[in-house]
Amino acid sequence: MIAAIGAGSVGAYAQTPQAPAQLAPMLVHPEKWPTARSPIALDPAIETKITDILKQMTLEEKVGQTLQPEIRWVKPDDIRDYHIGSVENGGGSFPKGDKHATLQNWVDMIQSYWEASIDPRVNHVRIPLMWAVDAVHGHNNVFGATIFPHNIGLGAAHDPALITRIGAATAAEVRSTGMDWAFAPTIAVARDDRWGRTYESYSENPRIVADYAGAVVKGLEGNGATFLDKDHVSATAKHFLGDGSTDYGRDQGNSLVSEKELSTVDAAGYVTAIDAGVQTVMASYSSWHGIKMHANKALMTDVLKTRMGFDGLIIGDWNAHSQIPGCTLSDCSIAFNAGVDVFNVPTDWKALYHNMIHEVQSGEITMARLDDAVRRVLRVKFRAGIMTEAAPKDRPNTFKPIGTLEHRAVAREAVQKSLVLLKNNGSLLPIKPGARILVAGEGADNVAMQTGGWTLSWQGNDNGPGEFPGATSLYHGIEAEAKGAGGTVTLSADGSFTTKPDVAIVVFGETPYAEYMGDQTDVALHHGNNESLALLKRLKAQGVPVVSVLLSGRPVYVNPQINLSDAFVAAFLPGSEGAGVADVLLAGRDGKPQHDFRGKLSFSWPKRPDQTPLNVSDANYDPQFAYGFGLIYAQHAKTARLPEVKTSVQYGDKDVYFTKGIFWNGYGLSLGAPGTTRINYTGKPVTAGTAITAAPSPRDPKALHLAWSGKGEGGIDIAAAAPSDISREANGSMLVSLTLTVNGPPPSSVQLVVGDTALPIAKLLHAGANHIEVGLPCFVGQDFEKAHTVIGLKTDGKLDLDLIDARLVENKAGTTCPAN
């Protein structure tokens, strides 16, 4: 059988080369793809029960089973009234918005939704809901959980058995909160480290990903007699397919690899995941040769469901169906007919529900396709015991402690095994007992940096010291180990000291990010690059031997830092158990290593910022450190000075436009009035006609003063040289965030602009300090792929304000639009 895939187009992406606008049609040949065989065979008794249930269900009940809203946009009454089949709590979403919610808080919330799902007053048949969570490196959304190293570090451990134990520990903690479905594992094969999700990939090598995919599924779901028992949860292999091979490493971008590479490299983990019995698969945001995966019937239905024999359910990714040409958030029969069984539709789920009902009634979606999707949902629920299981509060594993010593021991072992030693001149490591140790750098006592994104919130960038009960920072781990061996430890973030230390351990690297917020245009270390270099230079000038520990979600060009260090360790994102780093870096009382380095690079390490893609199978392969590299203590190798090149322009967070008195990431400001030529603001006072003036603020040196005279309409635009693609941010329901001071009474009419769409915000303004947040989805009708203005303000009245900060931020509480 040959399934045809048509041509499509690719949207522009600021700061990267353009992909071809028109792409040649691609064919999928399912018979050439690998096959898989799940150990979980169809159960005739279950299938008969499902058939009987389908006969009893109304159209409305069936459609409800195919929708998955998010708790910020759905209430228990909605679950009852719309027969919703599953619910998720996304990153940064908690009971009553409380980041420190207890197990009791979580269970009470889930219990209320579960009870609504089985309310006999409105349901023809009892179908309890499933509860999904992004438990991607432990039960990372829940306060006090064990946080395991991100996948990139686990890949360096080369230990599938360890991955199974991590999956089992994660499943146990998910069960503790009354949940039964984990959106894990990510089994992407990351091939371009500019990708903001590189740390979610085990390796550039599909063999490692394949070995790990089956191992972690067995850990999450159980195996044999333990399959989906009270200790385990349904796993989700994601994201099908090609998310790790997009051009330029762009998240949600376009993969242009051949069908052979897609089937042998990108799909490698799906074969072993199905062979291990995975019950759900999540479709990818990305495209293959211009066709969005959520619309690709040939790959989802003909390959995954038919060729590979996957009989579980395919769930969409967060609002991803809206990116398909011809679809919106509230209407997308294309994705459903292509093979998506459950819409991940956090926000506009009610409109989608009603539209699906009409589409089934009209024949646009056949009843056979709807029944197939509902059958798959019910099949997973029966296999997981959800149809007969007790209420969440009454299940045997609910309320069991999380973050236990047993689980933290597994996480600590994972840290020990994932560290990669890149340099150890003079055998500085392991640090001898009794040494005076200085611990320095931004990451030294910073569990948030250790844990990275997808930790207590989506981006993980708003976590403080109080967010991680039971966790150990690298500093505290080093302190405990060193004191136990008779040494002393001093913490000094800036590296200053009064008594010269015997050795300094400097911890630096990337700050937390997730998904497209972590995309880069190269593989340089941008955050903290200058600060880490300055610190290392000071210590070297003072004659202090230095051990550098890099925290990062990808291999990065850090040759200058390596040259300034006597020893250099890639720790990736080790999670909550920083003591695992100390276990390897510090010798015991006997002067011998407590643990040797076990980690070997599962990603090739670049020698230049622009050296990407960089994979072991490449022609002219020339990395700084090759795939599989990693020193051990028995190797007394001396690393020669590495070549250094100038890094690219330092960028801030990707969606920061103005802060600290500076326009970031290639953005600038222009101002003007109707009928006049727009004028660029360059840091000096400038006036557009008689309507508006921009100048440095006389009150705040890091603010921009904007004054409207009231003599006609005037406006400002924050924009880049080319239109910006903020479709991913809009899809993620991110917020336009403005921090400003209004000097005097607000005017009667002010509009906030994104692209060509303006919304009234006068009622949100008041004299004095203002912080305004408006959801991007509120700007209805805007083409977010080609936004000329990312943020603008305009008014025809008098207005005087200081602009302090302008950016897009994560939405943590749901979207409220000014008109509402």
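Is C332 buried or exposed, and what is its relative accessible area? The views below, taken from a predicted model, start with that cysteine.

**View 1. A close look at C332.** C332 turns out to be buried, and its relative accessible area is just 1%. Its bonding partner is C327, with the two sulfurs 2.2 Å apart. That spacing makes the pair a disulfide because the sulfur atoms sit within 2.5 Å.

**View 2. The C327 end and the twist of the bond.** C327 has a relative accessibility of 11% and so counts as buried, since the cut-off for that label is under 20%. Look along the S-S bond of C327 and C332 and the torsion comes to about 65 degrees, which means this disulfide is right-handed.

**View 3. The C778 to C817 bridge.** Here C778 is joined to C817, S to S 2.0 Å. The torsion about this S-S bond is about -90 degrees, so the disulfide is left-handed. C778 sits in the loop between strand 31 (768–775) and strand 32 (791–795), while C817 belongs to the segment after strand 33 (798–809), so the bond ties together parts that are 39 residues apart in sequence.

**View 4. Zooming in on C778.** How buried is the C778 end of that bridge? Its relative accessibility is 6%, so C778 counts as buried.

**View 5. Both bridges in one frame.** The count comes to two disulfides. Number the bonded cysteines along the chain and the pattern reads 1-2, 3-4. In this frame, C327 pairs with C332, and C778 pairs with C817.

Definitions and conventions
Residues numbered from 1 in each chain as written. Predicted model: local features only at pLDDT ≥ 70, side-chain atom pairs only at ≥ 80, totals over all residues. Heavy atoms only, no water. Buried < 20%, exposed > 50% of the residue type's maximum accessible area, 1.4 Å probe, protein only. Helix = DSSP H or I, 4+ residues; strand = E, 2+ residues; numbered from the N terminus.
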